[in-house]
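Subject: Structure handover

Hello,

Please find the structure below. My notes on it come after.

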Amino acid sequence: MNVDHLDRRRAETFVHSAVIAETDEEMVAALEPQLRRGVTEYDEVLLVVGERIRSLLGERVSDLDEVVRWADPAAFYQRLGFAYEGFRRYLAAQADAGRRVLVVAEPDLADSLGAGRGVDRASAYLAYEAACNDTYAPYGSAVTCVWGSRHHPASVLDGVRVTHSHLLTAAGLQPSPTYVPPGTYLARRVPLLPPPDHVDHDWSLTEVRQLSGLRRSLGAWAAAHHFADEPADDLVVAVVEVASNGLRHAATPVRVRTWHQEGTLIVQCDDSGGIPVPPTAGYHRPDITAALPGGRGLWLARQLADVVHVDSVPGRTSVRLLFPHAVMHRHLA
């Protein structure tokens with residue numbers, strides 16, 4: 001069997017579902033049968049959930065301890081792009097070993113950014129949920145996400161229904177009636193709120209050689225806001241990648257503005273080249289073996305920042321990157 005045919009077969013078996021439960025009882029009633037089915041249909045069942053769900057499920061499925069594996073959410077949920085890529089790598093490794101897995105994961109959105117920053121972290125997370133319908137499909141596994149309706153607003157739960165192909169209840173899996181394909185979901189325009197009138201820095205870049213000065217200034221700015229060396233370096237690399245993309249592809253001045261709100265550092269890069277950015281840009285790992293490699297900049301930025309929001313309209317492309325101190329330092333705690 002050739003690789004392309006194998007990938008198609010795996011993609012046909014991929015199921016991305018969501019549990020949206022109002023009560024703990026509803027959540028357990030949906031998940032317990034799913035886990036019991038999973039141990040018979042998959043080579044491994046991995047639960048990446050918090051202590052509350054683990055305690056609720058633990059006794060109910062204690063007879064499955066030898067085949068169910070529990071993982072610390074902190075190992076997966078850090079920056080949004082890091083979480084998305086972490087699950088992809090896990091699924092890819094399992095597929096390479098000839099194994100199909102069921103992953104049950106509880107999204108961690110505890111570090112809410114709030115509307116005042118101009119980007120909703122939950123909305124950014126849902127974009128990754130949409131993208132994974134394509135990027136996880138070739139591995140032939142299944143992913144079930146657990147969402148409690150008491151902990152998330154109705155608008156977020158509506159987004160969950162749109163980005164998951166199936167909903168899981170005690171009655172089993174059902175197609176989500178409002179699901180839309182990843183490309184359609186990601187193509188929606190979500191305009192950015194304008195930057196504040198007074199920002200920390202405002203640069204206009206016209207030449208690549210100016211990027212060295214930008215690196216130094218960004219590093220000093222991050223350090224002044226108590227970013228440790230590694231998170232500060234990640235911020236610098238992410239912003240410089242985006243700015244250099246603008247200089248290389250748009251061939252126009254790139255405006256870089258920085259500001260902060262509470263513990264979050266925010267950077268926006270604007271160019272007026274008028275080159276549209278594909279909706280899926282940065283969600284697919286670039287092929288470094290390709291004859292003409294591309295797409296590295298936004299993909300890398302999504303790994304290093306917590307949130308990357310792209311607003312591309314005729315005549316202007318804006319990329320806003322958010323670096324919350326708590327999230328950027330989580331792995332150092």
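The notes cover the two sheets, the helices, one residue of a strand and the salt bridges.

This is a predicted model, in which local features need pLDDT of at least 70 and side-chain atom pairs count only at pLDDT 80 or more, while totals for chains, interfaces and linings use all residues. Residues are numbered from 1 along each chain as its sequence is written, and side-chain values use heavy atoms, with hydrogens and water left out.

Sheets

Helices (H or I, at least four residues) and strands (E, at least two) are DSSP runs, numbered from the N terminus. Strands count as paired if DSSP finds at least two bridges between them.

Seven strands make an open sheet with mixed pairing, in the order β3-β2-β4-β5-β1-β6-β7. Its edge strands, each paired on one side only, are β3 (68-71) and β7 (172-175). On average, neighbouring strands of this sheet are turned by 25 degrees against each other, direction ignored; axes are lines fitted to C-alpha atoms, for helices over the stretch in contact, and angles run from 0 to 180 degrees between N-to-C directions. Four bridges pair β2 (residues 44-48) with β3 in the parallel sense, and Leu 46 stands opposite Arg 69 in β3.

The other open sheet to report has five strands, ordered β8-β9-β10-β12-β11, with antiparallel pairing. Here β8 (201-205) and β11 (307-313) are the edge strands, each pairing on one side only. The average turn between neighbouring strands of this sheet is 15 degrees, direction ignored. β11 and β12 (residues 316-324) run antiparallel and are joined by seven bridges; Val 310 has Val 319 in β12 as its bridge partner.

Helices

Helix α4 (residues 80-96) lies across β2, β3, β4 (101-105) and β5 (142-148), and runs at about 165 degrees to β4. Helix α6 packs on the sheet and touches β1 (15-21), β5 and β6 (166-169), its direction making about 155 degrees with that of β1. Contact here means heavy atoms within 4.5 Å.

The axes of α5 (residues 121-135) and α6 (residues 154-163) come within 9 Å and cross at roughly 10 degrees. The two helices are therefore roughly parallel to each other (angles under 35 degrees). Ala 122, Leu 126, Glu 129, Ala 130 and Asn 133 of α5 make the contact with Val 156, Gly 159, Val 160 and Thr 163 of α6.

Ile 20

Ile 20 sits in strand β1 and is partly exposed at 21% relative accessibility (buried is under 20% relative accessible area, exposed over 50%, partly exposed in between; 1.4 Å probe, protein chains only). Leaving out residues up to four places away in sequence, Ile 20 touches Glu 26, Trp 147, Ser 149, Leu 157, Val 160, Arg 161 and Leu 167.

Salt bridges

The structure holds 20 salt bridges (a side-chain nitrogen of Lys or Arg within 4 Å of a carboxyl oxygen of Asp or Glu). One of them joins Arg 285 and Glu 85 at 2.9 Å, N to O. Arg 285 lies in the loop between β10 (264-271) and α10 (296-304) and Glu 85 in helix α4, so this pair ties together parts 200 residues apart in sequence. Arg 285 is partly exposed at 43% relative accessibility, whereas Glu 85 is buried at 3%.

Asp 270 and Arg 257 also meet in a salt bridge, 2.9 Å from N to O. Both Asp 270 and Arg 257 are buried. Glu 32, Arg 36, Arg 60 and Asp 63 are joined into one network by salt bridges that share partners.

Regards

Key: Parallel < 35°, antiparallel > 145°, perpendicular 65-115°, else oblique.
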